[in-house]
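Me: Please take a close look at one part of this model: a helix on the inside, what it packs against, and the nonpolar core it belongs to. Give the cut-offs as you go, and one connected account.

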Amino acid sequence: MAELAGLEDPKARAVNEKHGDDHGVNLGRLRALAKRLKTQQELARELWATGDTAARLLSLLICRPKAFGREELDAMLREARTPKVHDWLVNYVVKKNPHAQELRAVWTADPDPVVASAGWALTTERVAKRPEGLDLPGLLDVIEAEMKDAPDRLQWAMNHCLAQIGIEHPEHRARAIAIGERLQVLKDYPVSPGCTSPFAPAWIAEMVRRRSAPSTA
(Lines give C-alpha, C1' and ligand atoms only; values in the text may rest on other atoms or scores of the structure.)
Protein backbone atom coordinates (compact mmCIF):
# COMPACT_ATOMS: atom_id res chain seq x y z
CA MET A 1 0.00 0.00 0.00
CA ALA A 2 2.91 2.35 0.76
CA GLU A 3 4.41 1.60 -2.65
CA LEU A 4 1.08 2.31 -4.35
CA ALA A 5 0.79 5.59 -2.45
CA GLY A 6 4.24 6.51 -3.76
CA LEU A 7 3.01 6.05 -7.33
CA GLU A 8 0.22 8.59 -6.85
CA ASP A 9 0.24 11.26 -9.58
CA PRO A 10 -2.13 14.26 -9.23
CA LYS A 11 -2.35 14.65 -13.02
CA ALA A 12 -3.29 10.99 -13.47
CA ARG A 13 -5.91 11.36 -10.72
CA ALA A 14 -7.45 14.37 -12.42
CA VAL A 15 -7.77 12.46 -15.70
CA ASN A 16 -9.09 9.32 -14.02
CA GLU A 17 -11.68 11.17 -11.96
CA LYS A 18 -13.23 12.53 -15.15
CA HIS A 19 -14.02 8.90 -15.99
CA GLY A 20 -15.33 8.08 -12.51
CA ASP A 21 -12.16 6.37 -11.27
CA ASP A 22 -10.87 7.54 -7.88
CA HIS A 23 -7.16 6.74 -8.15
CA GLY A 24 -4.03 8.52 -9.34
CA VAL A 25 -1.70 5.69 -10.33
CA ASN A 26 -0.41 5.56 -13.90
CA LEU A 27 -1.58 2.20 -15.27
CA GLY A 28 1.76 1.50 -16.96
CA ARG A 29 3.52 1.78 -13.62
CA LEU A 30 0.82 -0.33 -11.98
CA ARG A 31 1.35 -3.07 -14.57
CA ALA A 32 5.11 -2.91 -14.01
CA LEU A 33 4.56 -3.45 -10.28
CA ALA A 34 2.25 -6.39 -11.02
CA LYS A 35 4.85 -7.93 -13.31
CA ARG A 36 7.39 -7.77 -10.49
CA LEU A 37 5.00 -9.31 -7.96
CA LYS A 38 3.84 -12.07 -10.33
CA THR A 39 0.80 -14.22 -9.43
CA GLN A 40 -0.02 -14.13 -5.71
CA GLN A 41 -3.60 -15.16 -4.97
CA GLU A 42 -3.61 -14.49 -1.23
CA LEU A 43 -2.00 -11.07 -1.65
CA ALA A 44 -4.57 -10.35 -4.35
CA ARG A 45 -7.39 -11.10 -1.90
CA GLU A 46 -5.78 -8.89 0.76
CA LEU A 47 -5.38 -6.02 -1.71
CA TRP A 48 -9.00 -6.35 -2.80
CA ALA A 49 -10.17 -6.29 0.81
CA THR A 50 -8.63 -2.83 1.35
CA GLY A 51 -11.35 -1.26 -0.82
CA ASP A 52 -8.74 1.05 -2.36
CA THR A 53 -9.19 1.41 -6.13
CA ALA A 54 -5.49 1.25 -7.06
CA ALA A 55 -5.02 -1.75 -4.74
CA ARG A 56 -7.98 -3.50 -6.34
CA LEU A 57 -6.62 -2.91 -9.84
CA LEU A 58 -3.29 -4.38 -8.75
CA SER A 59 -5.16 -7.28 -7.17
CA LEU A 60 -6.83 -8.10 -10.48
CA LEU A 61 -3.45 -8.16 -12.23
CA ILE A 62 -1.79 -10.60 -9.81
CA CYS A 63 -4.69 -12.90 -8.97
CA ARG A 64 -5.39 -16.40 -10.29
CA PRO A 65 -8.72 -15.97 -12.17
CA LYS A 66 -9.79 -19.61 -11.91
CA ALA A 67 -9.27 -19.65 -8.13
CA PHE A 68 -12.37 -17.59 -7.32
CA GLY A 69 -15.71 -19.17 -6.45
CA ARG A 70 -18.95 -18.05 -8.03
CA GLU A 71 -20.29 -16.32 -4.90
CA GLU A 72 -16.96 -14.59 -4.36
CA LEU A 73 -16.99 -13.14 -7.89
CA ASP A 74 -20.61 -12.06 -7.51
CA ALA A 75 -19.77 -10.21 -4.31
CA MET A 76 -16.68 -8.64 -5.88
CA LEU A 77 -18.65 -7.34 -8.85
CA ARG A 78 -21.26 -5.75 -6.60
CA GLU A 79 -18.47 -4.01 -4.66
CA ALA A 80 -16.67 -2.84 -7.83
CA ARG A 81 -18.35 0.49 -8.37
CA THR A 82 -15.62 2.35 -10.25
CA PRO A 83 -15.59 1.76 -14.03
CA LYS A 84 -11.97 0.60 -14.35
CA VAL A 85 -12.20 -1.92 -11.49
CA HIS A 86 -15.49 -3.19 -12.90
CA ASP A 87 -14.08 -3.57 -16.43
CA TRP A 88 -10.85 -5.26 -15.34
CA LEU A 89 -12.74 -7.65 -13.04
CA VAL A 90 -15.00 -8.75 -15.90
CA ASN A 91 -12.35 -8.87 -18.62
CA TYR A 92 -9.29 -10.12 -16.75
CA VAL A 93 -10.90 -12.41 -14.19
CA VAL A 94 -14.53 -13.41 -14.77
CA LYS A 95 -14.08 -14.22 -18.47
CA LYS A 96 -11.35 -16.72 -17.51
CA ASN A 97 -13.32 -18.28 -14.65
CA PRO A 98 -15.31 -21.54 -14.99
CA HIS A 99 -18.40 -19.85 -13.52
CA ALA A 100 -18.52 -17.14 -16.21
CA GLN A 101 -21.59 -18.46 -18.02
CA GLU A 102 -23.62 -18.98 -14.84
CA LEU A 103 -22.76 -15.45 -13.76
CA ARG A 104 -23.59 -14.10 -17.23
CA ALA A 105 -27.15 -15.38 -16.92
CA VAL A 106 -27.59 -14.11 -13.36
CA TRP A 107 -26.06 -10.70 -13.95
CA THR A 108 -27.87 -9.93 -17.21
CA ALA A 109 -31.20 -10.27 -15.38
CA ASP A 110 -30.10 -8.23 -12.34
CA PRO A 111 -32.10 -5.07 -11.56
CA ASP A 112 -28.86 -3.15 -10.82
CA PRO A 113 -27.85 -1.67 -14.20
CA VAL A 114 -24.12 -1.76 -13.37
CA VAL A 115 -24.34 -5.47 -12.53
CA ALA A 116 -26.46 -6.07 -15.64
CA SER A 117 -23.84 -4.34 -17.78
CA ALA A 118 -21.34 -7.04 -16.71
CA GLY A 119 -23.77 -9.70 -17.90
CA TRP A 120 -24.04 -7.96 -21.25
CA ALA A 121 -20.24 -7.71 -21.52
CA LEU A 122 -20.00 -11.48 -21.04
CA THR A 123 -22.77 -11.95 -23.62
CA THR A 124 -20.85 -9.83 -26.13
CA GLU A 125 -17.85 -12.11 -25.62
CA ARG A 126 -20.06 -15.12 -26.39
CA VAL A 127 -21.50 -13.42 -29.49
CA ALA A 128 -17.98 -13.00 -30.86
CA LYS A 129 -16.32 -16.24 -29.78
CA ARG A 130 -18.89 -18.92 -28.87
CA PRO A 131 -22.34 -17.99 -30.17
CA GLU A 132 -23.66 -21.55 -30.08
CA GLY A 133 -26.70 -21.70 -27.83
CA LEU A 134 -27.31 -17.95 -27.78
CA ASP A 135 -30.67 -16.64 -28.97
CA LEU A 136 -29.40 -13.80 -31.16
CA PRO A 137 -32.86 -12.68 -32.39
CA GLY A 138 -33.97 -12.64 -28.74
CA LEU A 139 -30.99 -10.52 -27.75
CA LEU A 140 -31.86 -8.07 -30.53
CA ASP A 141 -35.46 -7.96 -29.25
CA VAL A 142 -34.25 -6.97 -25.76
CA ILE A 143 -31.80 -4.40 -27.12
CA GLU A 144 -34.47 -2.87 -29.35
CA ALA A 145 -36.90 -2.59 -26.44
CA GLU A 146 -34.58 -1.48 -23.63
CA MET A 147 -31.34 0.11 -24.87
CA LYS A 148 -32.69 3.59 -25.63
CA ASP A 149 -33.68 4.28 -22.01
CA ALA A 150 -30.99 2.23 -20.24
CA PRO A 151 -28.57 3.98 -17.83
CA ASP A 152 -25.19 4.88 -19.32
CA ARG A 153 -23.06 1.85 -18.37
CA LEU A 154 -25.80 -0.62 -19.29
CA GLN A 155 -26.61 1.25 -22.51
CA TRP A 156 -22.95 1.15 -23.54
CA ALA A 157 -22.74 -2.61 -22.90
CA MET A 158 -25.96 -3.32 -24.81
CA ASN A 159 -24.78 -1.15 -27.69
CA HIS A 160 -21.50 -3.10 -27.85
CA CYS A 161 -23.48 -6.33 -28.03
CA LEU A 162 -25.66 -4.89 -30.82
CA ALA A 163 -22.59 -3.92 -32.83
CA GLN A 164 -20.92 -7.28 -32.23
CA ILE A 165 -23.98 -9.16 -33.50
CA GLY A 166 -23.96 -7.03 -36.64
CA ILE A 167 -20.22 -7.49 -37.17
CA GLU A 168 -20.00 -11.22 -36.53
CA HIS A 169 -23.31 -12.52 -37.88
CA PRO A 170 -24.20 -11.43 -41.44
CA GLU A 171 -27.66 -12.99 -41.22
CA HIS A 172 -28.55 -10.50 -38.46
CA ARG A 173 -26.58 -7.54 -39.78
CA ALA A 174 -29.41 -5.68 -41.52
CA ARG A 175 -31.61 -5.85 -38.43
CA ALA A 176 -28.76 -4.78 -36.10
CA ILE A 177 -28.07 -1.75 -38.31
CA ALA A 178 -31.78 -0.92 -38.50
CA ILE A 179 -32.09 -1.01 -34.70
CA GLY A 180 -29.09 1.28 -34.35
CA GLU A 181 -30.45 3.71 -36.93
CA ARG A 182 -33.85 3.85 -35.26
CA LEU A 183 -32.59 4.27 -31.69
CA GLN A 184 -29.73 6.68 -32.54
CA VAL A 185 -27.86 5.67 -29.37
CA LEU A 186 -24.34 7.21 -29.22
CA LYS A 187 -24.70 8.71 -32.69
CA ASP A 188 -23.22 12.03 -31.52
CA TYR A 189 -20.57 10.53 -29.25
CA PRO A 190 -17.31 12.49 -29.77
CA VAL A 191 -14.45 10.45 -31.24
CA SER A 192 -10.86 11.37 -32.03
CA PRO A 193 -9.75 11.49 -35.67
CA GLY A 194 -9.03 8.00 -36.95
CA CYS A 195 -11.11 6.31 -34.24
CA THR A 196 -14.26 4.30 -34.93
CA SER A 197 -17.57 5.74 -33.73
CA PRO A 198 -19.44 3.70 -31.11
CA PHE A 199 -22.68 4.41 -33.05
CA ALA A 200 -23.59 0.83 -33.95
CA PRO A 201 -24.33 1.28 -37.69
CA ALA A 202 -21.04 3.14 -38.23
CA TRP A 203 -19.14 0.66 -36.05
CA ILE A 204 -20.56 -2.34 -37.91
CA ALA A 205 -19.88 -0.81 -41.32
CA GLU A 206 -16.28 0.05 -40.46
CA MET A 207 -15.42 -3.36 -39.01
CA VAL A 208 -17.02 -5.21 -41.94
CA ARG A 209 -15.13 -2.95 -44.35
CA ARG A 210 -11.83 -3.70 -42.63
CA ARG A 211 -12.40 -7.42 -42.71
CA SER A 212 -13.32 -7.41 -46.40
CA ALA A 213 -10.45 -5.13 -47.46
CA PRO A 214 -7.71 -6.95 -49.38
CA SER A 215 -4.56 -7.57 -47.36
CA THR A 216 -1.54 -5.49 -48.33
CA ALA A 217 0.90 -7.95 -46.74
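Reply: A residue is called buried when its relative accessible area is under 20%, exposed when it is over 50%, and partly exposed in between, using a 1.4 Å probe and protein chains only. The model is a predicted one, so local features need pLDDT of at least 70 and side-chain atom pairs count only at pLDDT 80 or more, while totals for chains, interfaces and linings use all residues. Residues are numbered from 1 along each chain as its sequence is written, and side-chain values use heavy atoms, with hydrogens and water left out.

The helix in question is H6, residues 70–79. Helices here are DSSP runs of H or I with at least four residues, strands are runs of E with at least two, and both are numbered from the N terminus. Leu73, Asp74, Met76 and Leu77 are the buried residues of H6. Viewed down the helix axis, these residues fall within an arc of 165°, so they line one face of H6; the arc is taken from the directions that run from the helix axis to the C-beta atoms. Five helices pack against the buried residues of H6: H4 (41–49), H5 (53–62), H7 (83–93), H8 (100–108) and H9 (113–129). Contact means heavy atoms within 4.5 Å.

Leu73 also appears in the largest nonpolar core. Such a core is a set of buried Ala, Val, Leu, Ile, Met, Phe, Trp, Tyr and Cys residues joined through side-chain atoms within 4.5 Å. This one has 33 residues, and Leu58, Leu60, Leu73, Leu89, Val94 and Trp107 are those that touch the most other members. Two or more residues come from each of H3 (27–37), H4, H5, H6, H7, H8 and H9. H5 gives the largest share, six residues. Trp107 links back to H6: leaving out residues up to four places away in sequence, Trp107 touches Leu73, Asp74, Leu77, Arg78, Val94, Val115, Ala116, Ala118, Gly119 and Leu122. Another core lies apart from this one, with 26 residues that include Leu136, Leu140, Ile165 and Ile167.

H3 is a second helix with a one-sided pattern. Its buried residues are Leu30, Leu33 and Ala34. These cover an arc of only 100° around the axis, which puts them on the same side of H3. The exposed residues Lys35 and Arg36 sit on the face of H3 turned away from that buried side. The buried residues of H3 pack against H1 (2–6), H5 and H7.

Just past H3, the loop between H3 and H4 holds Lys38. Lys38 has a positive phi of about 60° although it is not a glycine, and at 58% relative accessibility Lys38 counts as exposed. Most residues other than glycine have a negative phi. Gln184 is another non-glycine residue with a positive phi of about 60°. Gln184 sits in the loop between H12 (170–183) and H13 (200–212), and with a relative accessibility of 32% Gln184 is partly exposed.

H4 and H5, both partners of H6, can be followed through one residue each. Glu46 belongs to H4 and is exposed, with a relative accessible area of 53%. The C-alpha atom of Glu46 is separated by 8.1 Å from that of Ser59, 13 residues apart along the chain. In H5 lies Arg56, which at 11% relative accessibility counts as buried. Apart from residues up to four places away in sequence, Arg56 touches Leu47, Trp48, Gly51, Glu79 and Val85.

For scale, two residues elsewhere in the chain are worth placing. Arg13 is in H2 and is partly exposed, at a relative accessible area of 27%. Setting aside neighbours within four places in sequence, Arg13 is in contact with Glu8, Asp22, His23 and Gly24. Arg13 and Ala178 are 165 residues apart in sequence, with 40 Å between their C-alpha atoms. Ala205, in H13, is partly exposed at 46% relative accessibility. The C-alpha atoms of Ala205 and Ala2 are separated by 48 Å, with the two residues 203 apart along the chain.
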